[in-house]
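Welcome! Below are some exercises, each with a solution worked step by step. Have a look at the structure before you begin.

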Amino acid sequence: MSDGRTAVGRTAPAGSPLLSLALATMMDGVDAHSGAVYLLSPDEPVLEMAMMAGLPRAFAAPWERVGLNARLPVADAARERRLVWVGGEEDMARRYPRVAVVLPYPFALAALPVATSTTVHGAVFVTWPGSHPQELTDREREHLTAACERLAVRLERAAGQSRPVMPEPDLLAAAPSGPLAGALGTVEAAQMVARLPYGLCSLDLHGRVAYANTAAAELIDVPVSRMLGTQLWAVAPWLNDPAYEDRYRAALFSQQPTSFVALRPPGEWLSFRLYPSTTGLTVRVTRAKAVSDMNRARPPADDAPSRLVTISQVLSLASSLTEAAGVDDVVQLVAEEITPAIGGRALVILGSRADRLHVLGHRGYPDPRVVERFDGVPMSAPTPGVHVLNSGVPAFFESREELERLYPLRHATPDGFAAWAYLPLIASGRPVGTCVFAYAEPHPFPADERAVLTSLGGLIALALERALLYDAKHRLAHGLQAALLPPSLPPLPGIGAAARYLAGTRGMDIGGDFYDVLPVGGGLAAAVIGDVQGHNVTAAGLMGQIRTAVRAYTTVGQAPEEVMRSTNRLLIDLGSDLFASCLYLRLDPARGRVVMARAGHPPPLLRRPDGRVRVLDLAGGPLLGIDGDASYPTTEVELPPGSVLALYTDGLVEAPGVDIEDALADLGRRLAQAGDLPLDELADVLVGREAGAPERIDDVALLLLRAGPGG
């Protein structure tokens, strides 16, 4: 977009209803039944709906403000300065799944930029019922383009004259009253409708009851006075179902009759038939005539899911998918939430990698070996999963005969199912895989169901793309953590050692906790444990540098206090904004002594051979990386054979709502009770609660050291 992307302000009216007249002219010239004008915000790259015509604004509520970079028709039209044509619900589901999920109805749409040669002022969309041909005619294209160009010139002229254009009231057609009144008279018309043996209601474009005859009031069991001015689905509790409101929306958008059957308690089934026009809807209410009619439209039972996913279900599914972290989570959510909702019995999700399809997860197949044939299939193979991913077009097979006719190789690999939906998973314009739903019985896929499934494929694709990225980061984090911590502890003279590390469950599962032990020579050994603030790659990288520095300063023979001072100066010289706590030990098992230097780290626990445990109150200095002149005094402690030192990071003793003194006392009790166990078993006991916790805010490191022959 060039710098001509200036916007029209919103501070004062321009005088005449410029936008309304322009949009009404456009719609009349091409027989469109709804439309809207967007103006570009003066403060941000956002298109704001300035007025809408033909349908209530609630139909387009999710798109009253549209980011200029959004994957939506009006945004594409404004950003790319071109006409965007969407020929029907399948085309919408494939190209703009976010729209098709909310509006899974048969309609066509054209979006155009409102722009001069130098400036984009906004965009327009207009829609037609599903009966419109799949292609835009040349006359329609020319009329819309010319009207948008004229509107752009007028907006530019208004901006040049400092006459900012304000949003205008929406245009909704009023129901005509003249012809009917002139033909019969209002009294005669009301009497005629009152004599009908079935119920009749008139709804405005918002779904509110404007008129109801006596039969309708008796069937619905609500007085006419209470029905007037109320939306049909709100007049009685048993009508308050999103599925019924969806039929009203479908009728208005498609301009085709729709119907539903509802159960009026305790056991009366009523049929509602909705006849739409551009001014409102007429609803015919009758008793359901046959059980077959009733069964087709009644709310689905648990074992017979609805053929279509309602808007509320879609929003719930979308919300659930945003919570999926890894690929396994996505597979589980799709299996538990989407597959039953669409009537499917089995699911396979395939991922595209290295020019092959790989099985990422599956559910519902009695014999898992049946799914193995999908794994590793080349992207050149003549299979439906490969074909839909390469073409980007979903494939629906209503029966086994249809599938095997198009893909004869499937004769040799039956899976026990009778119908299939293959959905390409395309995210950010990139193919990420294929989703396969299998059905137990032959299953028709009408156009509206195909549109919904295609839209769900778009949601699954976005969730899968995020999950694949999360899993890749997760593997990277664990690989980096494993590389920075010692793979095993070396043998130490007269000292036994065991360690445990648990990653936090937030962020990237990587943190700055570290530990290390190393023999020093002369029968001595060194040990260190520390914690760099943060739970990210930066913290882990700094942790690796500190651990390497401690090893180097120990190897050249520095005393414990010097090791800490040198490491502190290094951290400051690195210019990092992160700080680190640290506890360094120099062990002399032959003399039964240990010298410790501490930098803001939690105090260690010492279990003596008689089983008593105490918290060691050590001298120390500030956290590493704060003060370049800080000193770190040492404390020498007796370490007789059989003693156990427990060094840990704060993740082991800190938890929301738990007093740290109580947590330390509890850790001491467990150390006292289990201190005679082998060190590896003791380590498992001490971290057992954290290891089993569903969520860890912080990572945990534990290093156990036992003095004595063989440790």
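Two strands pair if DSSP finds at least two bridges between them, and helices (H or I, at least four residues) and strands (E, at least two) are DSSP runs, numbered from the N terminus. This is a predicted model: local features need pLDDT of at least 70, side-chain atom pairs count only at pLDDT 80 or more, and totals for chains, interfaces and linings use all residues. Residues are numbered from 1 along each chain as its sequence is written, and side-chain values use heavy atoms, with hydrogens and water left out.

**Exercise 1. Find the bridge partner of Arg356 in strand 14, then place that strand in its sheet.**

Step 1. Arg356 is partnered with Pro378 of strand 14.

Step 2. Strand 13 (residues 356-363) and strand 14 run antiparallel and are joined by 2 bridges.

Step 3. Now widen the view: the open sheet here has 6 strands in the order 14-13-12-17-16-15, with antiparallel pairing. Strand 14 (377-378) and strand 15 (395-397) each have a single partner strand and stand at the edges, so one side of each lacks a neighbour in the sheet.

**Exercise 2. Work out which helices pack on this sheet, and at what angles.**

Step 1. Two terms come first. Contact means heavy atoms within 4.5 Å. Axes are lines fitted to C-alpha atoms, for helices over the stretch in contact, and angles run from 0 to 180 degrees between N-to-C directions.

Step 2. Helix 13 (residues 327-341) lies across strand 12 (346-353), strand 13 and strand 17 (430-439), at about 55 degrees to strand 13.

Step 3. Helix 14 (residues 384-391) touches strand 12, strand 13, strand 14, strand 15, strand 16 (419-427) and strand 17, and its direction makes about 35 degrees with that of strand 16.

**Exercise 3. Describe the sheet with the order 3-2-1-6-5-4.**

Step 1. This open sheet is formed by 6 strands with antiparallel pairing. Its edges are strand 3 (65-67) and strand 4 (84-86), each with a single partner strand, so each has one side without a neighbour in the sheet. From one strand to the next, the twist averages 20 degrees.

Step 2. Strand 2 (residues 46-53) is joined to strand 3 by 3 bridges; Leu47 has Val66 as its bridge partner in strand 3.

Step 3. Helix 5 lies across strand 1, strand 5 and strand 6, running at about 35 degrees to strand 5.

**Exercise 4. How do helix 1 and helix 5 cross?**

Step 1. The axes of helix 1 (residues 18-30) and helix 5 (residues 138-160) come within 9 Å and cross at roughly 170 degrees.

Step 2. Angles under 35 degrees count as roughly parallel, over 145 as roughly antiparallel, 65 to 115 as roughly perpendicular and the rest as oblique. Helix 1 is therefore roughly antiparallel to helix 5.

Step 3. Residues making the contact include Leu18 and Ala22 of helix 1, and His143 and Leu144 of helix 5.

**Exercise 5. Which residues line the second largest cavity?**

Step 1. On a 1 Å grid over the protein atoms alone, a cavity is a set of points where a 1.4 Å probe fits but cannot get out; lining residues have an atom within 4 Å of a point.

Step 2. The lining consists of Leu232, Trp233, Leu239, Tyr244, Tyr248 and Phe260.

Terms used:
On a 1 Å grid over the protein atoms alone, a cavity is a set of points where a 1.4 Å probe fits but cannot get out, and a pocket is an open set with protein on both sides within 12 Å along at least five of seven lines; lining residues have an atom within 4 Å of a point.
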